[in-house]
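Student: I'm new to this one and would like a close look at a single strand. Could you pick one and walk me through how it sits in the rest of the chain?

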Amino acid sequence: TIPSPARAVKDRRMIQTTMDGAPSPAACREAPPLTPPLTAECLEGIEYTAMLNAGFCRDSLLEFTTMALESDTVAWTLVYMDGDLSSPLVAPNTKKYCTEKGPPCSHWNCTCDAQIRAGRADAPLFGAMFAGRSHSRNGKDGENEESGESEKKGWCFLLPLGPAEAVAQDDGEDGLAENMTQTAPFDRMADWPVNPLVCGASLPRRWRALRKIIYQSSVTCVTYDAVPCLMALHRHRMADQGRDLASGLIVKSTWDLRIAAHLLRPHANGGELEFENIAEGFEHLAGSGNVEAPEGASEHVQALVKVRNRLNFLLKVYPLLDGVLREKGMGDSMDMIEAPLQNVLAAMEVVGVGFRNQLRIKNKLGDRIGELEAMVRAVAGDESFLLSSPQQVSHLLFKTLGIKFPT
């Protein structure tokens with residue numbers, strides 16, 4: 001069984017600090033520029049937000065994986081280890097987060113020229129957040145004793161995907177003791193800020209759980225703006241597993257709210273497709289099933305609660321919009337074109353689009369253009385003839401060559 005968040009924090013198993021209450025030395029390790037270390041104090045009150053730590057131990061990881069795989073639909077997203085614990089669900093895609101006179105930009109989602117899109121794949125992660133609904137264990141076989149109808153209970157898990165501040169030894173087959181020193185193949189995460197959530201399940205096991213859910217075709221994984229999430233997954237498979245990107249390129253279970261909205265509103269601009277603007281048309285879905293951040297909660301806890309509530313919204317809006325897509329005959333387009341394309345686009349942004357330098361494409365094109373220009377000058381009988389001059393080209397075609405003027 002999984003200890004409740006309240007119990008886990010109170011007995012210092014979910015978030016651990018030194019005995020005097022100050023952050024442990026590991027929590028104060030050097031972090032990337034402009035990204036302050038995340039300490040236990042930053043997450044005070046999280047035990048009252050109905051979010052469970054999937055990485056707390058191997059049993060909790062198994063429980064999380066089982067609940068997700070037994071669901072028809074889950075909502076998920078990534079949370080980044082930046083100063084705001086931002087996510088594609090709450091970080092606008094069309095916003096510039098830096099200023100010309102301010103410090104160098106370090107925001108993973110900024111539209112400025114300093115942030116190349118491929119950098120999203122390597123942005124430090126707090127983890128993944130999943131939400132879903134499972135049949136209630138009250139009553140008989142998940143049925144309400146009075147109405148006889150099946151009841152579903154909401155759940156939400158945080159799955160840490162980076163180095164943890166304080167961890168219990170996982171003596172399983174991975175053989176990886178998680179502490180502040182990561183060993184290959186996860187050494188790329190050695191400079192990531194530390195996650196103060198206790199993770200007894202090893203880092204490879206946590207990433208394995210993520211892959212198992214995302215690649216399970218029987219579970220629809222609903223999200224918003226899938227590309228940055230899939231970029232992190234592709235980078236992990238390449239860098240941490242050493243896998244060929246093509247072997248796991250397509251994630252068949254993806255359903256992206258942003259893409260669905262675009263299909264239904266093809267002329268909408270980027271700003272109109274932001275999460276908040278899409279949600280404006282579904283006010284009747286807001287509130288139900290949401291949780292509130294406890295009084296006095298830190299900005300980080302409030303940010304996580306906001307993400308959790310938006311995942312709850314995704315679970316409710318998905319069947320409505322997916323039904324509309326299928327009524328309009330766009331279901332196959334979503335399933336067979338748009339959803340798989342998000343994986344391809346994510347992979348392209350991770351590795352880039354290359355070309356064969358040995359063919360000397362630029363030189364060959366230049367030589368061919370020169371040959372064609374020489375042929376045109378020979379026909380025109382004028383060595384100073386300019387193909388870039390509309391007047392000269394017009395005179396050649398309609399006067400010299402006598403081509404009939406189009407009517």
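Tutor: Sure! Let's start with the whole picture: buried residues make up 46% of the 407 residues in the protein chain. Keep in mind that this is a predicted model. The chain has 10 helices and six strands, and the part I'd pick is strand β2, residues 73-80.

Now, is β2 buried or exposed? Eight of its eight residues are buried, so β2 is largely enclosed by the rest of the structure. "Buried" here means a relative accessible area under 20%.

It helps to look at the two sides separately. In a regular strand, side chains alternate between the two faces of the sheet. On one side of β2 you'll find Thr-73, Ala-75, Thr-77 and Val-79. The other side carries Val-74, Trp-76, Leu-78 and Tyr-80. Every one of these residues is buried, and that's how both faces of β2 come to be covered.

Next, find the neighbouring strand. β2 is joined by three bridges to strand β5, residues 220-223, and the two run parallel. If you want one pair to look for, take Thr-73, whose bridge partner in β5 is Thr-220.

That link between separate parts of the sequence fits a wider pattern you can look for in the chain. Counting contacts between residues at least 6 apart in sequence, 73% join residues at least 24 apart. As for the outside, the accessible surface of the chain comes to about 21300 Å², with 53% of that belonging to carbon and sulfur atoms.

Key
Residues are numbered from 1 along each chain as its sequence is written. This is a predicted model: local features need pLDDT of at least 70, side-chain atom pairs count only at pLDDT 80 or more; totals for chains, interfaces and linings use all residues. Side-chain values use heavy atoms; hydrogens and water are left out. Helices (H or I, at least four residues) and strands (E, at least two) are DSSP runs, numbered from the N terminus. Buried means under 20% relative accessible area, exposed over 50%, partly exposed in between (1.4 Å probe, protein chains only). Contact means heavy atoms within 4.5 Å. Accessible areas come from the Shrake-Rupley method with a 1.4 Å probe; for residues, only the protein chains shown count as cover. Two strands pair if DSSP finds at least two bridges between them.
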